[in-house]
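Reader: Please take one part of this model and go through it closely. Keep it brisk, and give the reasoning at each step.

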Amino acid sequence: MLRPIAAGVGDATDVELVERARDGDQEALDALLRRHHDRIAALCHRMCGNAADAADATQEALIAIVRGLSRFDGRAAFSTWAYRVTTNACLDELRRRSRRPVSGLEAEGPDLAARATRDVADAVAAGIDVDTALAALPLEFRTAVVLRDLCGLDYAEMAEVLDIPAGTVRSRIARGRGQLADRLAGNHDGSERRPTSQP
């Protein structure tokens, strides 16, 4: 568990914290991880679709960030670099999940959580519907929508994180949003709707 941010490190920039962490300053490392933990965990939750896999991906992402600090070169913002590491950790977790045996509950499909919570408040049900719809998107579209709409990355940052051209980023966001809207509206028929305008 992360410790409270120590005095003197709370006002430091990410780059300053990285430099101090590289020099062995544990308080700076803790502050850096605490600063970005919630966004990393949220990204993992939306990418992985369930709490157990998201927790595993979050842990793996934080470990990878710590181990990779020496490779952070400062050309991009630390948050952009951390999102790239986290996205890769999520993709790794999803690949591992696809190789695991399916349990009885998982065999019921991604709608199980939504069906089990119909009596819960509308806000909770809406959140589950979004999670279920996101989980049903092709991974490349889900990744683009989550990085843009949840994490707030701009197109250039997303191109850096995903290592694809900005035009491909725009296309994936538009197509992902279109499919997500169709699924949330309940009119997804298995075919892909092409967007009529760019985001």
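Author: C151 counts as buried in this predicted model, because its relative accessibility is 16%, under the 20% cut-off. Where is the closest cysteine sulfur to that of C151? It is in C90, 9.2 Å away. That is too far for a bond, because a disulfide needs two sulfur atoms within 2.5 Å.

C90 is buried too, with a relative accessibility of 0%. The cysteine sulfur closest to that of C90 belongs to C44, at a distance of 3.6 Å. This gap also exceeds the 2.5 Å limit, so C90 and C44 are not bonded. The disulfide count is zero.

C44 leads to helix α2, where it is one of the residues meeting helix α3. Helix α2 spans residues 26–48, and helix α3 spans residues 51–68. Their axes come within 9 Å and cross at roughly 140 degrees. That angle makes α2 oblique to α3, because roughly antiparallel would require over 145 degrees. The crossing of α2 past α3 is right-handed.

Which residues make this contact? From α2 come L29, L33, H37, I40, A41, C44, H45 and C48. From α3 come D53, A54, A57, T58, A61, L62, I65 and V66. Sorted by class, the contact of α2 with α3 holds twelve nonpolar residues, three polar ones and one charged one.

Two residues of α3 show the contact in detail. Take T58, which is found in α3. T58 is buried because its relative accessible area is 9%, under the 20% limit. Setting aside neighbours within four places in sequence, T58 is in contact with H37, I40, A41 and C44. C44 is the residue whose sulfur lies 3.6 Å from that of C90.

Now L62, also in helix α3. L62 is buried as well, at 16% relative accessibility. Not counting residues up to four places away in sequence, L62 touches L33, H37 and I40. H37 and I40 are thus named among the contacts of T58 as well. The C-alpha atoms of L62 and H36 are 9.5 Å apart. Along the chain, L62 and H36 are separated by 26 residues.

Helix α2 has another partner, helix α8, which covers residues 139–150. The axes of α2 and α8 lie 10 Å apart, and the packing angle is about 150 degrees. α2 and α8 are therefore roughly antiparallel, since the angle is over 145 degrees. This crossing is right-handed. On the α2 side, A42, L43, R46, M47 and C48 make the contact. On the α8 side, the residues are L139, R142, T143, V146, L147 and L150. By class, the contact of α2 with α8 has eight nonpolar residues, one polar and two charged. C48 takes part in the contact with α3 and in the contact with α8.

Step back to the protein chain. How many helices and strands does it have? There are ten helices and zero strands. Buried residues account for 38% of its 199 residues. Among contacts with a separation of 6 or more, 60% join residues 24 or more positions apart.

Notes: Residues numbered from 1 in each chain as written. Predicted model: local features only at pLDDT ≥ 70, side-chain atom pairs only at ≥ 80, totals over all residues. Heavy atoms only, no water. Axes fitted to C-alpha atoms, helices over the stretch in contact; angles between N-to-C directions. Helix = DSSP H or I, 4+ residues; strand = E, 2+ residues; numbered from the N terminus. Parallel < 35°, antiparallel > 145°, perpendicular 65-115°, else oblique. Left-handed = near helix turned anticlockwise from the far one by under 90°. Contact = heavy atoms within 4.5 Å. Nonpolar A, V, L, I, M, F, W, Y, C, P; charged D, E, K, R; others polar. Buried < 20%, exposed > 50% of the residue type's maximum accessible area, 1.4 Å probe, protein only.
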